[in-house]
Amino acid sequence: MQRDVVIRWIHQISALIARLLRRDPGVSIQFARDQLADAKRMLLGGLEPVLDRLEPGPAADFLVDPHRIYGFAQLVALESALERVHDRAESADRLGRRAVALAREAISRSEAVQTEWVAWTDAAERDLGGSAE
């Protein structure tokens, strides 16, 4: 159940951030940041402060479940998009590379091939110019 809620929330935040990137006047950056923070708290719980400081491999070790790791990767990618909205390219690129590395961790730990994850990760990596953390 929680996994479905998080996935739905990630899709909603993604759509919201896409509207921000298109400069939709009806969208607040603060609202998007608040939604992203809520999603991270829901997915990560008390681990959030620790995971934000760890390299992708150890962070994935804490999360264990590949779906949870992938969800975290997507949230980090959305955080990267928000940084880009603020014209903070260096921070956006750093977070983008982290998102790709986390997604690769999720893929490598999944028992079944998740083609959607691979496609998303490959596209994110191409957007960064092929450089992952």
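How many of the 133 residues of this chain count as buried? The figure is 40%. Keep in mind as you click around that this is a predicted model.

**Stop 1: the whole chain**

Start with everything shown as a cartoon. You should find seven helices and zero strands, so don't go hunting for arrows: read along the sequence, the pattern is α-α-α-α-α-α-α. Turn the chain about, and its C-alpha atoms fill a box of roughly 45 × 35 × 30 Å along the principal axes. The radius of gyration is 14 Å, which agrees with the value near 14 Å that a compact globule with 133 residues would have. Contacts also reach along the sequence: among those with a separation of 6 or more, 64% join residues 24 or more positions apart.

**Stop 2: helices α2 and α5**

Select residues 29-44 for α2 and residues 66-85 for α5. The two axes come within 10 Å and cross at roughly 160°. That angle is over 145 degrees, which means α2 is roughly antiparallel to α5. The crossing of this pair is left-handed.

Now show side chains. On the α2 side, the contact is made by Ile29, Ala32, Arg33, Leu36, Ala39, Lys40, Leu43 and Leu44. Facing them from α5 are Arg68, Gly71, Phe72, Leu75, Leu78, Glu79, Leu82, Glu83 and Val85. Colour this set by class and you get eleven nonpolar, one polar and five charged residues.

**Stop 3: lysine 40**

Stay in helix α2 and pick out lysine 40. Is this lysine buried or exposed? Lysine 40 has a relative accessible area of 5%, so it counts as buried. To see what surrounds lysine 40, leave aside its neighbours within four places in sequence and select its contacts: Gly45, Glu48, Asp52, Phe72, Leu75 and Glu79. Phe72, Leu75 and Glu79 may look familiar, since they belong to the α5 side of the contact with α2.

**Stop 4: helices α5 and α7**

Keep α5 on screen and add α7, residues 115-127. The axes of α5 and α7 come within 12 Å and cross at roughly 25°. An angle under 35 degrees counts as roughly parallel, and α5 and α7 are therefore roughly parallel to each other. Their crossing is left-handed.

Which residues of α5 make this contact? They are Pro66, His67, Tyr70, Ala73, Gln74 and Ala77, and their partners on α7 are Glu116, Trp117, Trp120 and Thr121. By class, that gives six nonpolar, three polar and one charged residues.

**Stop 5: helices α6 and α7**

Leave α7 in view and select residues 89-109, which form α6. The axes of α6 and α7 are 10 Å apart, and the helices pack at an angle of about 155°. That makes α6 roughly antiparallel to α7, and α6 passes α7 in a left-handed crossing.

From α6, select Ala99, Val100, Ala103, Arg104, Ala106 and Ile107. From α7, add Trp117, Val118, Trp120, Thr121, Asp122, Ala124 and Glu125. The contact of α6 with α7 divides into nine nonpolar, one polar and three charged residues. Look again at Trp117, Trp120 and Thr121, which also take part in the contact of α7 with α5.

**Stop 6: glycine 57**

Next, go to α4, residues 56-63, and find glycine 57. Glycine 57 is buried, with a relative accessible area of 18%. Draw a distance from its C-alpha atom to that of arginine 104: the two residues are 47 apart along the chain, yet these atoms are separated by 9.5 Å. Setting aside neighbours within four places in sequence, glycine 57 is in contact with Glu105 and Arg109.

**Stop 7: two loop residues**

Finish in the loops. Valine 64 lies between α4 and α5, and aspartate 87 is found between α5 and α6. What is the phi of valine 64? Its phi is near 65°, a positive value in a residue other than glycine. Aspartate 87 has a positive phi too, near 60°. Switch on the surface: valine 64 is exposed, with a relative accessible area of 58%, and aspartate 87 counts as exposed at 64%.

How values were computed: Residues numbered from 1 in each chain as written. Predicted model: local features only at pLDDT ≥ 70, side-chain atom pairs only at ≥ 80, totals over all residues. Heavy atoms only, no water. Axes fitted to C-alpha atoms, helices over the stretch in contact; angles between N-to-C directions. Helix = DSSP H or I, 4+ residues; strand = E, 2+ residues; numbered from the N terminus. Parallel < 35°, antiparallel > 145°, perpendicular 65-115°, else oblique. Left-handed = near helix turned anticlockwise from the far one by under 90°. Contact = heavy atoms within 4.5 Å. Nonpolar A, V, L, I, M, F, W, Y, C, P; charged D, E, K, R; others polar. Buried < 20%, exposed > 50% of the residue type's maximum accessible area, 1.4 Å probe, protein only. Rg over C-alpha atoms; globule rule 2.2 N^0.38 Å.
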